[in-house]
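Please look through the sequence and the model shown below, and then follow the explanation step by step.

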Amino acid sequence: YGRPSKNITIRNCTFFSPCCAAVCIGSEMSGGVEDVFVSDVHFGQAAEGLRLKTGMGRGGAINNINMDRITMDQAGVAFEYSEFYGGHPKGYDPTAEPSVTNIR
């Protein structure tokens, strides 16, 4: 809780996730997530290709998410963003507002 995640590379992979997102960022991101590179990836039979989940009270930031050379086969949704993801840890700050910037 409260720890940042950054400089993450997801490359040359194949994901099968019929009930969920192939690559999901969030919902716990109180320390922030930044500089994520997803490239040369295939999403097969995924409910969502890439999903970002945030919500009030979670705070943190999602910054600099870069996607390149993605292919999908039988994916329900290519990209999904939810800013109303529920559930919180004990002692959370209900006014903590997340920030999402620079998604490419």
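In this predicted model, the structure holds 1 aromatic pair. The rings of Phe 15 and Phe 43 have centres 6.1 Å apart and planes at 55 degrees, and because planes count as stacked under 30 degrees and as edge-to-face over 60, this pair is described as tilted. The pair links distant parts of the chain, for Phe 15 belongs to strand 1 (residues 5–16) and Phe 43 to strand 3 (residues 33–44), with their positions 28 residues apart in the numbering.

The cover around each partner can be considered next. Phe 43 has 3% relative accessibility and therefore counts as buried, a word that applies under 20%, whereas Phe 15, at 23% relative accessibility, counts as partly exposed.

From this pair we can step back to the chain. It has 7 strands and 0 helices, so that reading along the sequence gives the pattern β-β-β-β-β-β-β. Among contacts between residues at least 6 apart in sequence, 92% join residues at least 24 apart.

The overall dimensions come next. A compact globule of 104 residues would have a radius of gyration near 13 Å, and the chain, with 14 Å, agrees with this. Along the principal axes, the C-alpha atoms fill a box of roughly 40 × 25 × 20 Å.

Finally, there is the surface. Of the 104 residues, 35% count as buried, while the chain exposes about 6,000 Å², of which carbon and sulfur atoms supply 49%. The chain carries 9 positive and 11 negative charges, and the mean positions of these two groups are 7 Å apart.

Terms used:
Residues are numbered from 1 along each chain as its sequence is written. This is a predicted model: local features need pLDDT of at least 70, side-chain atom pairs count only at pLDDT 80 or more; totals for chains, interfaces and linings use all residues. Side-chain values use heavy atoms; hydrogens and water are left out. Helices (H or I, at least four residues) and strands (E, at least two) are DSSP runs, numbered from the N terminus. The radius of gyration is taken over C-alpha atoms; the globule rule is 2.2 Å times the number of residues to the power 0.38. Buried means under 20% relative accessible area, exposed over 50%, partly exposed in between (1.4 Å probe, protein chains only). Contact means heavy atoms within 4.5 Å. Accessible areas come from the Shrake-Rupley method with a 1.4 Å probe; for residues, only the protein chains shown count as cover. Lys and Arg count as positive and Asp and Glu as negative; His and the chain ends are not counted. The place of a charge is taken as NZ of Lys, CZ of Arg, CG of Asp or CD of Glu. Rings of Phe, Tyr and Trp (its six-membered ring) pair if their centres lie within 6.5 Å; planes under 30 degrees apart count as stacked, over 60 as edge-to-face and the rest as tilted.
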